[in-house]
Amino acid sequence: MTIAIALVEAAGLAYDNLYVKYTTASTLETGIITFITQANPSFPESAPNNHPISNWLTVINAFLVTNEGRLGLANGGSLDQLNTIVQLVYRICWCGEELQDDGLITSTQATALLNAYNNAFG
Amino acid sequence: MSYPQTVASEAVLGGQNFWRLRTLLSSPGDMYESDASALAFAIGPDSDIANVLINYFDPLAGAASMNELVISPDRAMTGLISARNEVPYPLRLSGNRPGKILISSADVYDESFQPSTFVGGDDRMILNPPTLDVIQYFSAPPSLIPERSDKNYFYKGFVAPEWNFIVIPFYGRKYAYISLQNNDSAASADWQVLGVTYSITTDPKKHIEKQLQTVATVAANGGFDDLVVKASTSGVFDALCLGINYTPTTDLELAVNVRVSDNEV
């Protein structure tokens, strides 16, 4: 697992980092919980510019709930599940990168998203 | 990403029978939402993106109450999809957000892509960002033809003396015709074509490439060359990367045309 220093790097490392979690017992699910829990408070519903990130967190949360207890190799999780969550993490990281570049979220928010990623998957 | 985005409910209030989300894609993470219910979703005629993910509120879809589908030029979606603005997705960790319809690209895109042979500081990238075009219908459409319009790309200005790489979206396309005409009085031009499939990587040069046209030379004084790309024989790609290496005697004398289509001619 590799710590990312920027959201675009976090996106590019999504497969590598989550694959390690996938193969390590019970860590993929806890990683996803950590990511959502730590990222979510920085993107309240009240600000429309937060909606792209908060919507991605909702989709990731839905994936978690739908696959609860069945993620990761040790739990019989499939590569298809891994591919799905990798793509979701990849996309939310890119989303955060572009929103920050466009000035639609603050650098503090982008850092919070990156920190949540690194704490969960790095 | 066009943000703030247009609002679907305003299209309803304006008396329109559809809402069109048409925007250049900034990244594969672009995410849009609709606060109006739909009777159909279809890929729009100008979309480069071929696969669009729709997430929506569905109380029958398990504990998350979220279902999903992917529309494409081969597959539209007809049927009621409700935007439940007043009911949250019951997802505590993400804050029980309103049950709106969520729209995103299911295709991958990397704006930093470079071919593996790209030489930094010398070569030049010309990226064409893909367009996302989705139509949400508020009344049942009489018929749906989600097939996209053909697109034509025309180029004449190239920076010498190194390679110019032009990236053209090719998601879900089944046919491309590339033609070059060199009217320069003395200078020949080298060209090549790669089929590109984007992957998840930190290295912009480590996407998947297939050489569709090895480096060839178009002679001066009216030289012509072309390439036909068919899905049935060449494969399917996210993008075509056309490389041109040309030092002109006179500017703007090398004409390049690329036509892409959903139909294999």
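This passage describes a helix pair in chain A and a strand sheet in chain B of a predicted model.

Two packed helices are described by the angle between their axes and the distance between the axes. In chain A, the pair considered is helix H4, spanning residues 51–66, and helix H5, spanning residues 79–101. Their axes come within 10 Å and cross at roughly 170 degrees. Because angles over 145 degrees count as roughly antiparallel, H4(A) is roughly antiparallel to H5(A). The crossing of H4(A) past H5(A) is left-handed. On the side of H4(A), the contact is formed by A:Pro52, A:Ile53, A:Trp56, A:Leu57, A:Val59, A:Ile60 and A:Phe63. These residues meet A:Gln81, A:Thr84, A:Ile85, A:Leu88, A:Arg91, A:Ile92, A:Cys95, A:Gly96 and A:Leu99 in H5(A). Of the residues in this contact between H4(A) and H5(A), twelve are nonpolar, three are polar and one is charged.

Strands of a sheet pair through backbone hydrogen bonds, either parallel or antiparallel. In chain B, five strands form an open sheet in the order E10-E13-E18-E15-E16, and their pairing is mixed. The edges are occupied by strand E10 (124–127) and strand E16 (208–218) of chain B, each of which pairs on one side only. On average, neighbouring strands of this sheet are turned by 20 degrees against each other, direction ignored. The edge strand E16(B) is joined by eight bridges to strand E15 of chain B, residues 189–197. E15(B) and E16(B) run antiparallel. Opposite B:Lys210 in E16(B) stands B:Gly195.

Terms used
Residues are numbered from 1 along each chain as its sequence is written. Chains are lettered from A and ligands numbered from 1 in the order in which they are written. This is a predicted model: local features need pLDDT of at least 70, side-chain atom pairs count only at pLDDT 80 or more; totals for chains, interfaces and linings use all residues. Side-chain values use heavy atoms; hydrogens and water are left out. Axes are lines fitted to C-alpha atoms, for helices over the stretch in contact, and angles run from 0 to 180 degrees between N-to-C directions. Helices (H or I, at least four residues) and strands (E, at least two) are DSSP runs, numbered from the N terminus. Angles under 35 degrees count as roughly parallel, over 145 as roughly antiparallel, 65 to 115 as roughly perpendicular and the rest as oblique. A crossing is left-handed if the near helix is turned anticlockwise from the far one by less than a right angle, and right-handed if clockwise. Contact means heavy atoms within 4.5 Å. Ala, Val, Leu, Ile, Met, Phe, Trp, Tyr, Cys and Pro count as nonpolar, Asp, Glu, Lys and Arg as charged, and the others, Gly among them, as polar. Two strands pair if DSSP finds at least two bridges between them.
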